[in-house]
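Got your viewer open? Let's take a walk through this structure, one selection at a time.

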Amino acid sequence: MERRTIGATALEVGAIGLGCMPMSWAYSASQQRGDRSVRTVHAALDAGVTLLDTADMYGPFTNELLLGRVLKERRADAFVSTKCGLLVGDQHIVANGRPGYVRRACDASLRRLQTDVIDLYQLHRADPEVPVEETWGAMAELVTAGKVRALGLCAMAVRSGRRGGGDGAADLYDGTIRQLERVQQVFPVSAVQAELSVWSPEALRRLLPWCESRGVGFLAAMPLGNGFLTGTLTPGGGFEPEDLRARHPRFTAEMMAANQPVVAGLRRIAARHGGPAAGVTTAQVALAWALTRGRHVVPVPGTKHERWAVENARAAALRLSAEDLAEIAALPPAQGSWD
């Protein structure tokens, strides 16, 4: 697989990553199987994927334990990205950015992951009760201690109204950019993780250029639109009660039907490249589009299935033409609130 570098220290990763959250958290709980997920991670590594993205809150904790089973055997094949800063309660999630907690959380993640060093340690959310510089300073100490190689920040979009190109969308990441500029004064940011996909392109406006101009890598979260851009979801098909899409405004039957033209456009492009007969899928077109957004962009699609992990990895070899990109640019903006 093509390799890309992220951050000023030129960390090298496969052009497509693997989001491990669905294996333990937020999606289709009845389909979460530890042994199957372990096989999925192995298959992704075999296909050239190196970046494995997790967090201590996924499960909570069980996702890191699952990855530890793989890393115990294949640490040299993987680039490990995990996160701290969020605590999961019975019905709520709260931020914790206290330096003492950050240090303890890192040690616990290292134990669960069965590794001596985390390649990329990301702040999941800033704690409103703790100056972000204090949290980031504690994370920087972990780099000095040799427990972490580089630091990243997960971007939080602050939305108002409907998405789809309105004037308000340009300010979605203003808060994140202010945080980034503050922590950069403490220790370099190597990567920013934020949502980016054909139907959620808002990061292209300010956040992605900010990263590119500073040599900061960009991990494109949810590049397949929580599964919608794969073209495999049926409007009105329903989701399991614990699945985050069951309560998501864009995944009502009405909104999924209204946004089918987006999927249809990606499907037309896949057909132009040979379609399923040639091993080219709608999902691969969506991932290939994300790859064209910059050499510092690494899409991180999440999956728990071996088949999809391998299919996603192969998207790195798909080259979209100028005609393809123009057609994607002309697709109608996604309808429906994201909140």
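In which sense do strand E4 and E5 pair, and over how many bridges? Select residues 51–53 for E4 and residues 79–84 for E5: they pair in the parallel sense, over three bridges. Helices (H or I, at least four residues) and strands (E, at least two) here are DSSP runs, numbered from the N terminus, and two strands pair if DSSP finds at least two bridges between them.

Before going further, some ground rules. This is a predicted model, in which local features need pLDDT of at least 70 and side-chain atom pairs count only at pLDDT 80 or more, while totals for chains, interfaces and linings use all residues. Residues are numbered from 1 along each chain as its sequence is written, and side-chain values use heavy atoms, with hydrogens and water left out.

**Stop 1: around E5**

Stay with the E4–E5 pair and pick leucine 52, which stands opposite valine 80 in E5. Now follow the chain from E4 through helix H2 (residues 62–74) to E5: this β-α-β crossover is right-handed. That is, with the strands pointing away from you, the path from the first strand over the helix to the second runs clockwise.

Look at the side chains of E5 next. Phe79, Ser81 and Lys83 point one way, Val80, Thr82 and Cys84 point the other way, and all are buried. Buried means under 20% relative accessible area, exposed means over 50%, and partly exposed is in between (1.4 Å probe, protein chains only).

Add strand E8 (residues 118–123), which is joined to E5 by four bridges and runs parallel to it. Here cysteine 84 stands opposite leucine 123.

**Stop 2: a serine and some cysteines**

Select serine 109, in helix H3 (residues 99–113). Buried or exposed? Serine 109 is buried, at a relative accessible area of 0%. Beyond residues up to four places away in sequence, serine 109 touches Asp56, Glu64, Thr82 and Ile118; contact means heavy atoms within 4.5 Å.

Now show the cysteines. How many disulfides does the structure hold? Zero, where a disulfide is a pair of cysteine sulfur atoms within 2.5 Å. Take cysteine 20: its sulfur is 14 Å from the closest cysteine sulfur, in cysteine 154, and that is too far for a bond. Go back to cysteine 84, and you'll find the nearest cysteine sulfur, that of cysteine 106, 7.8 Å away. Cysteine 20 is buried, with a relative accessible area of 0%, and cysteine 84 is buried with 0% too.

**Stop 3: strand E11**

Select residues 217–221. Five of the five residues of E11 are buried, so this strand is largely enclosed by the rest of the structure. Gly217, Leu219 and Ala221 cover one side, with Phe218 and Ala220 on the other.

Strand E10 (residues 191–195) runs parallel to E11, joined by five bridges; valine 192 has phenylalanine 218 as its bridge partner. Bring in helix H6 (residues 207–213), and E10, H6 and E11 make a right-handed β-α-β unit. Then add strand E12 (residues 297–300), which is parallel to E11 and joined to it by four bridges. Alanine 220 stands opposite proline 299 there.

**Stop 4: the nonpolar core and H9**

In soluble globular proteins, nonpolar side chains tend to be buried together. A nonpolar core is a set of buried Ala, Val, Leu, Ile, Met, Phe, Trp, Tyr and Cys residues joined through side-chain atoms within 4.5 Å. The largest one here has 87 residues, and Leu18, Val41, Leu52, Tyr121, Leu207, Phe218 and Ile328 touch the most other members. Its largest share, eight residues, comes from helix H9 (residues 282–291). A second, separate core of 11 residues includes Leu11, Leu120, Leu219 and Val300.

Select H9 itself: 10 of its 10 residues are buried. Among what covers them are strand E1 (3–6), helix H8 (260–272) and E12. In H9, pick leucine 291, which counts as buried at 8% relative accessibility. Its contacts beyond four places in sequence include Arg4, Val297 and Pro299.

**Last stop: confidence**

Colour by pLDDT, the predictor's confidence in each residue, from 0 to 100. The protein averages 92, and 94% of the residues score at least 70. Finish at residues 161–170, where pLDDT stays under 50.
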